[in-house]
Amino acid sequence: MDLLSALRTTAAIREFDDRAVDVDVVHELLETARFAPSGGNRQAWRVIVVNNEDQRALLGDAYRKGWYEYLAQGAAGLVPWAPVTNREAEREAISNAAAFREMAEQGSGGMAEHLEAAPVLLLLVADLRFLATVDRDLDRYTLVGGGSIYPFAWSVLLAARAFGLGGVLTTMVVNQEEALKQAFHLEDHHCIAGLMVLGYPMHQPTKLRRAPVSSFATFDTLDGEPVTPH
Ligand SMILES: Cc1cc2nc3c(=O)[nH]c(=O)nc-3n(C[C@H](O)[C@H](O)[C@H](O)COP(=O)(O)O)c2cc1C
């Protein structure tokens with residue numbers, strides 16, 4: 001598959017067949033993703049391949065806590081955990097998370113409910129000593145640090161595609177970072193950037209829903225003329 005096609009058709013995969021993923025394949029994905037860019041080429045990503053059952057169970061619990069809160073916020077019409085939002089409405093929505101858990105427990109469940117059984121779980125950690133966060137001291141939410149970690153995650157997913165695997169970067173466990181630190185031996189200068197879930201896909205959707213260029217790109221100012229093809 002050529003590069004442009006891969007970029008346009010690599011979807012989030014959350015359902016996997018029963019095939020185990022060989023550790024050599026996981027190594028190959030990381031071996032490719034290590035060429036991802038990062039601020040100052042500091043490569044602050046760390047990856048924990050989580051095989052241990054107790055640790056997987058911890059991640060499953062942490063994920064589900066975040067997931068039901070996420071669903072509750074979405075159902076209330078909120079963008080979950082948006083840095084700019086109505087905090088009161090958010091608290092109110094999150095207080096209904098238990099209802100979403102109960103609903104999920106009545107069905108057969110999705111990725112969240114079966115997270116511990118995923119073929120591959122990669123806990124993605126950032127070493128804060130190596131992140132050049134130029135917006136660190138601005139009086140607003142900081143964004144730049146993640147830019148040195150998430151391209152790596154995307155490279156893992158693109159490499160996975162090349163190997164016939166699929167997966168998704170998830171962030172639901174990040175909320176539970178404090179509770180998870182000890183189990184994974186993280187120190188105070190570490191933070192959890194996400195949890196990558198990988199395996200051989202049940203289905204490989206390739207038609208992605210994305211907004212057109214003209215809806216997010218403009219000339220000269222943010223409210224300038226939309227960028228369209230000539
Ligand atoms: C930073 C980030 C966090 C995400 N967190 C989650 C998550 O916690 N759980 C999940 O199922 N998907 C998560 N996703 C996947 C997105 O939901 C997915 O990329 C998006 O809906 C587009 O899906 P598609 O490529 O299949 O169209 C995350 C993606 C990104 C980039």
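**Figure 1. Burial and overall dimensions of the protein in the predicted model.** Of the 230 residues of the protein, 36% count as buried, and the surface that the protein exposes comes to about 14,200 Å², of which carbon and sulfur atoms supply 54%. Measured against the expectation for a compact globule of 230 residues, a radius of gyration near 17 Å, the protein has 19 Å, which agrees. The C-alpha trace spans about 55 × 45 × 40 Å along its principal axes.

**Figure 2. The helices and strands of the protein and their order along the chain.** The secondary structure comes to seven helices and four strands, and from the N terminus on these elements run α-α-β-α-α-α-β-α-β-α-β. When contacts between residues at least 6 apart in sequence are considered, 76% of them join residues that are at least 24 apart.

**Figure 3. The buried face of helix 2 and the elements that cover it.** Helix 2 comprises residues 23–33, and within this helix Val25, Val26, Leu29 and Ala33 are buried. Seen down the axis of helix 2, these buried residues fall within an arc of 105°, so they line one face of the helix. What covers the buried residues includes strand 1 (45–49), strand 2 (120–127), helix 6 (150–162) and strand 4 (190–199). On the other side of helix 2, by contrast, Val23 and Asp24 are exposed.

**Figure 4. The cap at the N-terminal end of helix 2.** Which residue caps the N-terminal end of helix 2? The cap is provided by Asp22, one of whose side-chain oxygens lies 2.8 Å from the backbone nitrogen of Asp24. Asp24, whose backbone nitrogen takes part in this pair, is also one of the exposed residues of helix 2.

**Figure 5. The ligand and the residues that surround it.** The surroundings of the ligand consist of Ala11, Ala12, Arg14, Tyr63, Met111, Val168, Leu169, Thr170, Thr171, Met172 and Arg210. Strand 3, which covers residues 166–170, gives the most to this shell, with three residues.

**Figure 6. Polar atoms of the protein beside the ligand.** A nitrogen atom of the ligand is 2.8 Å from an N or O atom in the side chain of Tyr63. The backbone of Ala12 places a polar atom 3.0 Å from an oxygen atom of the ligand, and a backbone N or O atom of Met172 lies 3.5 Å from an oxygen atom of the ligand. Taken alone, the ligand exposes 630 Å², and the protein buries 62% of that area.

**Figure 7. Two residues with a positive phi, Asn41 and Asp220.** Most residues other than glycine have a negative phi. In Asn41, which is not a glycine, phi is nevertheless positive, with a value near 55°. Asn41 is found in the loop between helix 2 and strand 1. Is Asn41 buried or exposed? With a relative accessible area of 51%, Asn41 is exposed, since the cut-off for that word is over 50%. Asp220 likewise has a positive phi, of about 70°, although it is not a glycine. This residue, Asp220, lies in the segment after strand 4, and with a relative accessible area of 83% Asp220 is exposed.

Notes. Residues numbered from 1 in each chain as written. Predicted model: local features only at pLDDT ≥ 70, side-chain atom pairs only at ≥ 80, totals over all residues. Heavy atoms only, no water. Buried < 20%, exposed > 50% of the residue type's maximum accessible area, 1.4 Å probe, protein only. Helix = DSSP H or I, 4+ residues; strand = E, 2+ residues; numbered from the N terminus. Arc of directions from axis to C-beta. Contact = heavy atoms within 4.5 Å. Polar contact = N/O pair within 3.5 Å; in protein donor to acceptor, adjacent residues only side chain to side chain. Rg over C-alpha atoms; globule rule 2.2 N^0.38 Å. Areas by Shrake-Rupley, 256 points an atom, 1.4 Å probe, with all protein chains shown as cover. Near = heavy atom within 4 Å.
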